[in-house]
Amino acid sequence: MPEAPAFEGVRSRSELRDFSVSDSERFWAAVGNQRLSWISPFHTVQDCDLTQGRIKWFEGGKLNVSVNCLDRHVHTSPDRVALIWERDEQGSEVKYTYRELLEMTCRLGNVLRRRGVKRGDCVTIYMPTCPLAVAAMLACARIGAAHNVVFAGFSADALAERIRDAESNTVITVNQGVRGGKFTELKKTVDEAVQSCPSVQQVLVAMRTDTPVVMTARDVAMEEVSEIIEVNKGLIKGLPEMLKEDVVCEPAVMNSEDVLFLLYTSGSTGKPKGIVHTQAGYLLYAALTHRYVFSYHDGDVFGCVADIGWITGHSYTVYGPLANGGTTVLFESTPIYPDPGRYWNTVERLKINQFYGAPTAIRLLLKYGDHWVTKYDRSTLKTLGSVGEPINTEAWEWYHRVVGDGRCPVVDTWWQTETGGICIAPRPSEPDAEIVPGMAMRPFFGIKPVLMDTEGKVLTSNNTSGALCMAQPWPGMARTIRNNHQRFIETYYQPYPGYFFTGDGAYRSAQGYYQITGRLDDVINVSGHRIGTAEIEDVVNQCSAVAESAVIGFSHDIKGEGVYAFVVLKKNIDIKEDDLSRQLNKMVSKKIAKYACPDVIQLANRLPKTRSGKIMRRVLRKVVERDLDGLGDLSTLDDPTAVQEIVEGHNCLYWGYLHSDLN
Ligand code: WTA
């Protein structure tokens with residue numbers, strides 16, 4: 001690290017790590033000065049107080065994030081490839097140089113400005129992973145507006161809720177999305193959503209396919225906006241010829257702590273939280289982790305296959321790689337389209353050097369067999385990354401042995417929407433330091449994890465488990481929850497005063513390595529997507545046949561966790577189980593998204609409750625884990641026989657399942 005020689009006493013990686021924690025101000029000051037382009041420099045490295053949930057970095061500093069991601073690279077290497085759009089149609093990738101991406105961003109920035117989007121406004125982006133979506137994010141950053149990217153798999157209701165909470169006046173979308181050969185009606189979904197969003201004044205619509213969509217007075221057809229011609233390199237139909245002249249869009253001068261984006265994520269209550277990230281600290285942290293966790297070097301092709309609708313897409317498809325002047329892949333497809341060789345076909349064709357994906361996809365692919373991998377040349381691969389959920393040993397080993405031919409380090413990276421970037425990962429470390437399968441292992445520079453016992457005391461020994469907290473602030477951490485700073489404090493800073501609480505549990509091994517054991521709250525992780533069980537319950541309880549419900553996660557061999565719903569029907573309701581299941585699936589897809597639909601529905605006469613009426617989820621979890629010995633103390637239950645009924649009902653379902661598997 002070029003900054004290291006200035007740090008006294010630092011001669012090795014581990015000394016550098018220690019310095020980054022013990023003298024974190026000097027570490028971050030040096031890195032912040034060195035790696036970001038400032039319009040004016042910061043005067044205060046940090047002003048943080050975790051007991052208050054106050055986090056501020058690099059105050060006094062002024063900069064523009066899009067300039068950091070684009071202009072400065074255009075000055076040195078305008079023709080370097082910034083984006084490779086791996087379109088859903090295999091073999092039809094399109095490359096965009098830094099100059100082209102800057103032009104596209106400026107055109108879009110000018111359009112937004114001309115159409116009244118101001119500094120401090122929030123623009124909702126409901127688009128698939130594509131260059132125009134990246135340009136939209138950067139165009140917001142350019143003019144000082146915040147963006148709110150909503151995963152294009154979310155339903156109209158979920159989108160509307162996020163638009164309303166963000167108070168967006170502008171939405172950007174495409175006519176249709178294309179994924180796995182299937183079309184999704186994104187513009188129609190936006191139409192439905194904005195009906196309940198009075199703040200929305202305009203919807204910008206780009207064309208991903210040829211299929212025309214109905215336009216309303218609120219809609220702006222992007223291909224008719226002269227500033228945006230060229231955006232899709234002729235992939236948008238009916239565009240005039242490419243404009244050759246330079247395009248200028250004056251970058252807004254932003255303070256370090258102005259909002260860069262909101263990203264909604266699930267918590268343990270029914271309402272998603274709009275996590276707020278700001279400019280300098282977020283960008284610096286994304287860039288530094290991208291550079292060192294993956295050992296990204298100039299000229300490498302970085303392949304993060306996450307959708308831009310999630311934090312991984314923000315930090316490691318867009319901001320980290322672009323801040324580093326890298327070449328980043330925008331993956332629009334699925335792991336199995338047109339066949340289970342898609343990832344490795346892409347690796348061979350695009351010569352990907354770092355591949356970053358989710359355990360759920362790895363588990364799925366390993367079932368299809370090695371030949372889908374080995375038929376492609378993967379010799380360009382140098383590092384393999386995993387994110388979003390625990391990676392089980394079998395998947396880790398397969399990823400390492402088959403995909404990486406046993407030669408590439410596998411980095412299991414632990415982090416969250418709230419942390420902005422990777423906090424625990426096997427690298428950076430000494431080049432040949434051991435990597436333990438299925439463990440995130442080592443805290444990143446400036447990160448100081450601690451484990452807490454149930455009384456809120458710090459556990460100091462090794463070979464122990466506890467609640468994972470962070471004892472020290474870092475630049476990438478979330479600043480607040482949109483419209484709800486109180487909830488921010490209650491969720492992250494009150495459980496362990498003076499510490500940031502992650503919501504996860506972790507084990508620290510005898511060697512001091514960290515392994516994440518899973519959520520401690522009522523949030524489950526379905527195929528790497530976070531969803532609060534309360535959000536699903538809210539929807540299930542709206543079904544007219546349902547009296548009450550309890551949703552929990554259960555171990556699922558591909559998704560990691562599946563959704564298991566216990567449902568109590570209203571008295572005298574006569575409904576076939578198939579019909580109920582269809583109804584609930586329809587409702588959950590409509591209100592949230594398909595991935596949140598229950599995998600298993602168990603009808604029950606009543607749920608196990610405490611005398612004060614609280615559902616005992618711990619008991620339900622143990623039943624579903626088939627760990628009856630672990631049921632623990634049932635004496636606080638209102639009616640212990642309820643458990644017996646639940647166990648019997650579960651056994652019937654379970655044997656039914658096994659039976660259907662045998663058939
Ligand atoms: C889980 C995704 C185990 C964890 C970047 C966390 C992981 C939540 C890992 C955040 C990992 C993420 N091992 N669990 N390597 N990475 N998680 O906000 O429970 O979508 O709290 O961010 O995913 O999910 P989010």
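This is a short talk on one strand, the ligand site and one serine in a predicted model.

I'll start with strand β19, residues 383–387. Five of its five residues are buried, so the strand is largely enclosed by the rest of the structure. In a regular strand the side chains alternate between the two faces of the sheet. Here both faces are covered. On one side we have Thr-383, Gly-385 and Val-387, on the other Leu-384 and Ser-386, and all of them are buried.

What does β19 pair with? On one hand there is β18, residues 354–357, which runs parallel to β19 and is joined to it by four bridges. If you want a residue to look for, Tyr-356 has Gly-385 of β19 as its bridge partner. Then there is β20, residues 410–413, also parallel to β19 and joined to it by four bridges. There, Leu-384 is partnered with Val-410 of β20. To get from β19 to β20 the chain passes through helix α13, residues 393–403, and this β-α-β crossover is right-handed.

β20 takes us to the ligand, since that strand is among the elements giving two or more residues to the shell around it. The shell holds 17 residues, and those that come nearest are Asp-412, Thr-413, Thr-417, Asp-504 and Arg-530. By character, the shell divides into six nonpolar, six polar and five charged residues.

Which protein atoms lie 2.7 or 2.8 Å from ligand atoms? Take Thr-413 to begin with: a polar backbone atom of this residue is 2.7 Å from a nitrogen atom of the ligand. The two arginines face ligand oxygen atoms with side-chain atoms instead. For Arg-519, a polar side-chain atom is 2.8 Å from an oxygen atom of the ligand. For Arg-530, the corresponding distance to a ligand oxygen is 2.7 Å. As for cover, the ligand on its own has 520 Å² of accessible area, and the protein covers 96% of that. Besides β20, the elements that contribute two or more shell residues are α9, residues 311–323, and β26, residues 514–519.

Last, a separate site: Ser-266. Is this residue buried or exposed? Its relative accessibility is 4%, and the cut-off for buried is under 20%, so Ser-266 counts as buried. Ser-266 sits in the loop between β14, residues 259–265, and β15, residues 273–278. Its side chain makes a polar contact with the side chain of Glu-535, at 2.6 Å.

That is the end of the talk.

Conventions:
Residues are numbered from 1 along each chain as its sequence is written. This is a predicted model: local features need pLDDT of at least 70, side-chain atom pairs count only at pLDDT 80 or more; totals for chains, interfaces and linings use all residues. Side-chain values use heavy atoms; hydrogens and water are left out. Buried means under 20% relative accessible area, exposed over 50%, partly exposed in between (1.4 Å probe, protein chains only). Two strands pair if DSSP finds at least two bridges between them. A crossover is right-handed if, with the strands pointing away from the viewer, the path from the first strand over the helix to the second runs clockwise. A residue is near a molecule or strand if one of its heavy atoms lies within 4 Å of it. A polar contact is a pair of N or O atoms within 3.5 Å; within protein, one must be able to donate a hydrogen and the other to accept it, and residues adjacent in sequence count only if both atoms are side-chain atoms. Accessible areas come from the Shrake-Rupley method with a 1.4 Å probe; for residues, only the protein chains shown count as cover. Ala, Val, Leu, Ile, Met, Phe, Trp, Tyr, Cys and Pro count as nonpolar, Asp, Glu, Lys and Arg as charged, and the others, Gly among them, as polar.
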